[in-house]
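Trainee: I should like to learn how to read a structural model residue by residue. May we work through an example together?

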Amino acid sequence: MKQFFKTMFASALGFIIAGGLLLIISFAAIGVMVSSLSDIGKQDKITKVKNNTVLHMEFNKPIVDRNEKDPFSDINVGPFQDAGTDALNEIIENLEKAKADTNIKGIFLDLSFVSSGMATLQEVRASLEDFKEEGKWIVAYGENYSQAAYYLATVADEVYLHPQGEMLFKGLNAEVLFYKGFLDKLDIEMQIVRGSNNKFKSAVEPFIYTEMSDANRKQMSLLLNSLWGEIEGTVAEARGISAERLDVVADSLLALNPEGALASGLVDKLVYRDEFKSILKEKLGVEEEDETEMVSYAKYRNAKPAKSEDDKDDKKSWKIKDRVAVIYALGAIQSGEGDGQTIGSETTAKAIRTARQDSNVKAIVMRVNSPGGSALASDVFWREAELAKAEKPFIVSMGDYAASGGYYISAGADKIFANSSTVTGSIGVFGMIPNAKGFVNNKLGVTVDNVKTNENAAFITSSRALTDFEYNKLQESVDKVYDTFLSRVAEGRGMSSEAVDAIGQGRVWSGKDALEIGLVDTLGGLEAAIAYAVAEAGLEEYRLKELPEVEDPFQKFLENFASNAKVNLIEEELGENYIYYQQLKEVQGIKGVQTRMPFFMEMQ
């Protein structure tokens, strides 16, 4: 009995101590949160930009299409360390502001590693090019350059590299993880049902093969060469080097060491950071002993825009009633509610419906950045887009991805804009059902038995293999979804179903190639799509209305406190392998027939 009480009291004491520690941690987190809230006003305080100032831009955070309004994004303690992203719409807006700001003389691109999709980088680079149209300069410096960072750096008038740095200029490589060997060891069979001729729909291949099929290798080779051609062409034009010479540099890794990068013409000079600061002073006409006026991008976001001639009429922007709705459809497509990383059929469909029913909204631009997902949810969006298109101009702007379900929801638009490096198409359908009978029986020693009321009451179960009848029924269902997909694209693009099928079958295309085969209408980014929508609606003055509306950041923080902490801890532990964890989570969430792209790409 004494031992019982001893154990009980020890357990109770342990519980109290653990609870106390959790309480302390919670209070500390709330303290940080309250401190952050009290700093919001300070953060929002207008930044005053002095004359002869350089805008300092690093791009050291992942670039997303739109940021969620998170007052805690700058917290840099515990599970919130290194949190935050940069938003493409804000980058474009602030570069336009800097272009008109007479106090900003130039931009210092402080680059090393940039995390972003290729199409997003194209839009950022285009905005930097536009900044230079005002006669302003851009210089770039890096201790190291990844290919993504160097691609951005080539927009600069001068590119500098650390004397002991290195540059990864090596071409593009795509690697696919195959899980079949692992599943075989577990005695699990993945039963795959694809559209009957969807040989390019390779999202299922990792589960049934140990290497790429000939069809997948063919489409990946074509895609990579198209993307590399865009990168190479941009670098060649910017640096005055032939594409053939750039291939030699890449093949031989000549730019890996700084001397090779300089000799190959990829950079202008090898300098230390203090020497680079002297170069900045020369460009500003500042004496060596004087300080260089520099404002960070984070602070410049709070700078007031320069007044234009139109401001003399003293018109308040809030008086402008006409709107152009920009609907962000970002992430995998799923049924139900979505968030900043997923497209939920309820959330995004409601956003389209809201824009359609708002009499002040004169045109709609839907920004699609999605690898696809649920076929059913995709059709829900398609229907809402069709209803909106019948009442007002409906334009689609494609980001890094608008493939499979992402293309499904785009196909009916009045006009489709894509970047040349957008990954799109993937018009195909598949379903996956695991047969875990061998795993359960042979590895776990567990058996399954059942009773049923009807012949096919056990239709679709992971406890056994599909019967021929069940497989044929699933094939019919998948083929029906594919035929519907073809008809949606054919109707939207003014093509026959046969013509769509010829470029479909699950095949992915770059935006440049998609333009040639009629899947998109023109090359251009979000700004170009908005400008076109404004012209179609005949607007002279307008305001943007972004949808879905961003949730209250404080409430969202409280709701997601535990999950955010868990995700950040996992991300910190896994590092660059975190992307595979994300993909595994997505696979676990797959339900029903899928219109999903076979891979994810990020330029390194």
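Mentor: Let us begin with A375, which is placed in helix α13, spanning residues 375-389. Please keep in mind that the model is predicted.

Trainee: Is A375 buried or exposed, and why?

Mentor: The general idea is that a residue counts as buried under 20% relative accessible area. A375 has a relative accessible area of 9%, and therefore it is buried. Sequence distance and spatial distance should also be read side by side: A375 and F485 are 110 residues apart in sequence, while their C-alpha atoms are 8.8 Å apart in space.

Trainee: What share of the contacts in the protein with a separation of 6 or more comes from residues 24 or more positions apart?

Mentor: Such pairs account for 76% of those contacts. As for the protein as a whole, it has 604 residues, of which 47% count as buried, and it contains 21 helices and 22 strands.

Trainee: Where does R488 lie, and which residues does R488 touch?

Mentor: R488 lies in helix α16, residues 468-493. Leaving aside residues up to four places away in sequence, R488 touches D379, W382, Y408 and A411. R488 has a relative accessible area of 18%, so this arginine is also classed as buried.

Trainee: How should one read a charged residue that is buried, such as K281?

Mentor: One looks for partners of opposite charge and then for other polar atoms. A salt bridge requires a side-chain nitrogen of Lys or Arg within 4 Å of a carboxyl oxygen of Asp or Glu. K281, in helix α10 (residues 273-284), has no salt bridge, since the nearest side chain of opposite charge, that of E288, is 4.4 Å away. The side chain of K281 does, however, reach the backbone oxygen of E288 at 2.7 Å.

Trainee: Which residues does K281 touch beyond those up to four places away in sequence?

Mentor: They are V286, E287, E288, D290 and T292. E288 thus appears both in this list and as the residue whose backbone oxygen the lysine side chain reaches.

Trainee: Turning to the surface, which residues make the nonpolar patch of about 220 Å²?

Mentor: That patch is made by L168, L253 and L256. L168 lies in the loop between β6 (158-167) and α5 (180-186). Because its relative accessibility is 35%, L168 counts as partly exposed. For the protein overall, about 30500 Å² is exposed, and carbon and sulfur atoms supply 51% of that area.

Definitions and conventions:
Residues are numbered from 1 along each chain as its sequence is written. This is a predicted model: local features need pLDDT of at least 70, side-chain atom pairs count only at pLDDT 80 or more; totals for chains, interfaces and linings use all residues. Side-chain values use heavy atoms; hydrogens and water are left out. Helices (H or I, at least four residues) and strands (E, at least two) are DSSP runs, numbered from the N terminus. Buried means under 20% relative accessible area, exposed over 50%, partly exposed in between (1.4 Å probe, protein chains only). Lys and Arg count as positive and Asp and Glu as negative; His and the chain ends are not counted. A polar contact is a pair of N or O atoms within 3.5 Å; within protein, one must be able to donate a hydrogen and the other to accept it, and residues adjacent in sequence count only if both atoms are side-chain atoms. Contact means heavy atoms within 4.5 Å. Patches are made of residues with over 30% relative accessible area and no salt bridge: like charges are joined within 9 Å, nonpolar side chains (Val, Leu, Ile, Met, Phe, Trp, Tyr) within 5 Å. Accessible areas come from the Shrake-Rupley method with a 1.4 Å probe; for residues, only the protein chains shown count as cover.
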